[in-house]
Amino acid sequence: MLKKLAVLTSGGDAPGMNAAIRAVVRIAASRKVEVLGVKRGFRGLLHNEMVHLGVRDVGNIIQLGGTILRSSRCKEFFEREHRRRAAQVLNEREIGGLIIIGGDGSFRGAKEFSEDWNGRLVGIPGTIDNDIYGSDFTIGFHTAVDTALDAIDKVRDTADAHDRYFFIEVMGRHSGWIGLYAGIAGGAQETLIPEETQTVEEAYQRLLEGKKRGRKSSIMVMSEGCSGDGAVAIAKRFEEQTGNDCRAVVLGHIQRGGRPVASDRVLATQLGAYATELIIDGSSGIFVGNHKGALCHYPFEHSWEKKKPVDEYLLKLQEALAG
Ligand code: F6P
């Protein structure tokens, strides 16, 4: 019987992680299981940095961005000797299960850890990138889109005032979900994402076609991973090639912060609770998700072996809607 479990947040933080931690702690308490919070992701495991988390310790955090446990990208954890040390730490503290809130890199670390530790491991998808196969959405995605959208709406005002072209770069090194959603919701003329086959030159052509139709200003939303160049270089080249007045805006890490929107809090609560029930009932080697309204779970390896496609219909719509 599981008596004690640990929870950590790993990789890029995402709004809603705190809501997930809260759900883990409170559901575990309802099942009489003690919870320890590991500080700074897998790094905290290596350094034995943990705090006891009781039901009152996670009060007043559901609305907070970031993660009260803090996070890290811990390269050492991919080396066996460090993982063995982490296993020793968990065993010494008599912890029987570990819940990992993070993205596919963190789930990969968890899978490797399963070779070195006998306890139960369950993942919760927390990343603004929404790139985890099997779950329609990941914790933090909707908040990141809203943050990007707020900026796009503001840029639109000044683009319109000056008849300018704006190239707005959003996060997503390998995933275009934020770009696609922010582009659709922000009414962008063009959206460039890593999953798309359209080249930057083709996008330029389409911007110019818009001008012929009478557009005076334009917004192009692009994911950071959509081409080798960032928004600054792409804007500069378009200005040089066409003589149009261009500006670039790189939204960067502001997309990772801020209070989580309601849908992220609800998703985080659902997934946090579900992961906790599963780990207490004996599951291991899996991550949880929500697909078409139903809770589900998959082996860790699905998160990196299977690529989650972007919404094709939205992608086509985006092109059709460019005025
Ligand atoms: O959290 C995911 C992500 O935001 C990616 O979209 C982005 O490329 C990356 O993290 C940035 O990571 P870091 O903060 O480590 O530079």
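Two strands pair when DSSP finds at least two bridges between them. With that in hand, welcome to this structure: it is a predicted model, in which local features need pLDDT of at least 70, side-chain atom pairs count only at pLDDT 80 or more, and totals for chains, interfaces and linings use all residues. Residues are numbered from 1 along each chain as its sequence is written, and side-chain values use heavy atoms, with hydrogens and water left out. Helices (H or I, at least four residues) and strands (E, at least two) are DSSP runs, numbered from the N terminus.

**Two domains**

- The domain assignment, which is automatic or comes from a database, splits the protein chain into domain 1 (4-140 + 260-305) and domain 2 (143-256).
- The centres of domain 1 and domain 2, taken over C-alpha atoms, are 34 Å apart.
- Where the two domains are in contact (heavy atoms within 4.5 Å), domain 1 contributes 14 residues and domain 2 contributes 11 residues.

**The sheet of 7 strands**

- This open sheet runs in the order S3-S2-S1-S4-S5-S10-S11, and its pairing is mixed.
- At its edges are strand S3 (50-53) and strand S11 (294-299), each of which pairs on one side only.
- From one strand to the next, the twist averages 30°; axes are lines fitted to C-alpha atoms, for helices over the stretch in contact, and angles run from 0 to 180 degrees between N-to-C directions.
- Strand S1 (residues 4-9) pairs with strand S2 (residues 34-38) in the parallel sense, over 4 bridges.
- To find a bridge by eye, look at Val 7, whose partner in S2 is Gly 37.
- Helix H4 (residues 104-113) lies across strand S4 (97-102), strand S5 (120-125) and strand S10 (286-291), and it runs at about 160° to S4.

**The sheet of 4 strands**

- A further open sheet has the order S7-S8-S6-S9, with parallel pairing.
- Strand S7 (190-192) and strand S9 (246-250) are at the edges with a single partner strand each, so one side of each has no neighbour in the sheet.
- On average, neighbouring strands here are turned by 15° against each other, direction ignored.
- S7 pairs with strand S8 (residues 218-223) in the parallel sense over 3 bridges, and Leu 192 stands opposite Met 222 in S8.
- Helix H7 (residues 200-212) packs on this sheet and touches strand S6 (165-170), S7 and S8, with its direction at about 175° to that of S7.
- Helix H8 (residues 231-242) lies across S6, S8 and S9, running at about 175° to S9.

**Around the ligand**

- The residues around the ligand (with a heavy atom within 4 Å of it) include Gly 12, Ile 128, Met 171, Arg 173, Glu 224 and Arg 256.
- Polar contacts are pairs of N or O atoms within 3.5 Å; in one, a polar side-chain atom of Arg 73 lies 2.8 Å from an oxygen atom of the ligand.
- The side chain of Asp 129 has an N or O atom 2.7 Å from an oxygen atom of the ligand.
- For His 253, a side-chain N or O atom is likewise 2.7 Å from an oxygen atom of the ligand.
- Taken alone the ligand exposes 400 Å², and the protein buries 80% of that; such areas come from the Shrake-Rupley method with a 1.4 Å probe.

**A loop residue to look up**

- Gly 252 lies in the loop between S9 and helix H9 (262-280).
- Its C-alpha atom is 7.7 Å from that of Glu 169, although Gly 252 and Glu 169 are 83 residues apart along the chain.
- Leaving aside neighbours within four places in sequence, Gly 252 is in contact with Glu 169 and Met 171.

Key
Polar contact = N/O pair within 3.5 Å; in protein donor to acceptor, adjacent residues only side chain to side chain.
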